[in-house]
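This report covers a strand with its pairing partners, then one loop residue. The structure comes first.

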Amino acid sequence: MNQAALIQLGASLVAVLFVAWLVKRIGLGADPRIADADHAIRLAEEAEAGFKGIEVARDRAGFAAIVRNAEGRMMLVRAHGNHFAARPVDAATVGRLDKEFLTLTGPERTFGAVTLQLGKDAGMWASRMREISGRSALPNEAAPARSPTRPPISGYAVGGRVGERAGAATPSSEGAAKRG
């Protein structure tokens, strides 16, 4: 190896070490977790001025938490990249209860659905959502399976609307008129 190749190798090594140090320094690649109830309350209070959390349901893995205040309002806090994001849990939030898991889906699609493993407390928090929204958390229902023998309905002439699953289509007035 000649001297130019050694200089290039050394400079490359220094550049890689500098980038690795810089990434660590600014916190990229971190795995943010909600450490405990106090941390979740602090995050909710930072997200909304005047919100004073008193009770927390923290996901067992620490990726998300629901924080409730004395008035019964709730905030959903979740890991978002290297930071945390929080949104209010209100009547527009849909909850799905599946044994020890509570999945919350808000109206803001970019926030996404959040599944919290709450253990035996999942049912209690689902009932609190019912108090807020006036509807209970929906049971976890899988989408109906497509019929293995019939293809999906593809047009109005054979009944139903395009995109409906096989067997669930009802004849439209247009389709009934063509057949009758």
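Two strands pair if DSSP finds at least two bridges between them. Strands (E, at least two residues) are DSSP runs, numbered from the N terminus. This is a predicted model: local features need pLDDT of at least 70, side-chain atom pairs count only at pLDDT 80 or more, and totals for chains, interfaces and linings use all residues. Residues are numbered from 1 along each chain as its sequence is written, and side-chain values use heavy atoms, with hydrogens and water left out.

**Strand S2 and its partners**

Strand S2 spans residues 64–69. Of its 6 residues, 6 are buried (under 20% relative accessible area, 1.4 Å probe, protein chains only). Both faces are covered. Ala64, Ile66 and Arg68 lie on one side. Ala65, Val67 and Asn69 lie on the other.

S2 pairs with S1 and with S3, antiparallel in each case. The table sets out both pairings.

| Partner of S2 | Bridges | Opposite residues | Hairpin link | Turn glycine, phi |
|---|---|---|---|---|
| S1 (residues 53–58) | 5 bridges | Val56 and Val67 | 5 residues | Gly62, about 85° |
| S3 (residues 74–80) | 5 bridges | Leu76 and Ile66 | 4 residues | Gly72, about 95° |

Phi is positive at Gly62. Phi is positive at Gly72 too.

**Ala113**

Where is Ala113 placed? Ala113 sits in the loop between strand S6 (101–105) and strand S7 (114–117). Its relative accessible area is 48%. Ala113 therefore counts as partly exposed, between the 20% limit for buried and the 50% limit for exposed.

Leaving aside neighbours within four places in sequence, Ala113 is in contact (heavy atoms within 4.5 Å) with Arg78, Thr103, Leu104 and Thr105. Thr103 is 10 residues from Ala113 in sequence. Their C-alpha atoms are 6.7 Å apart.
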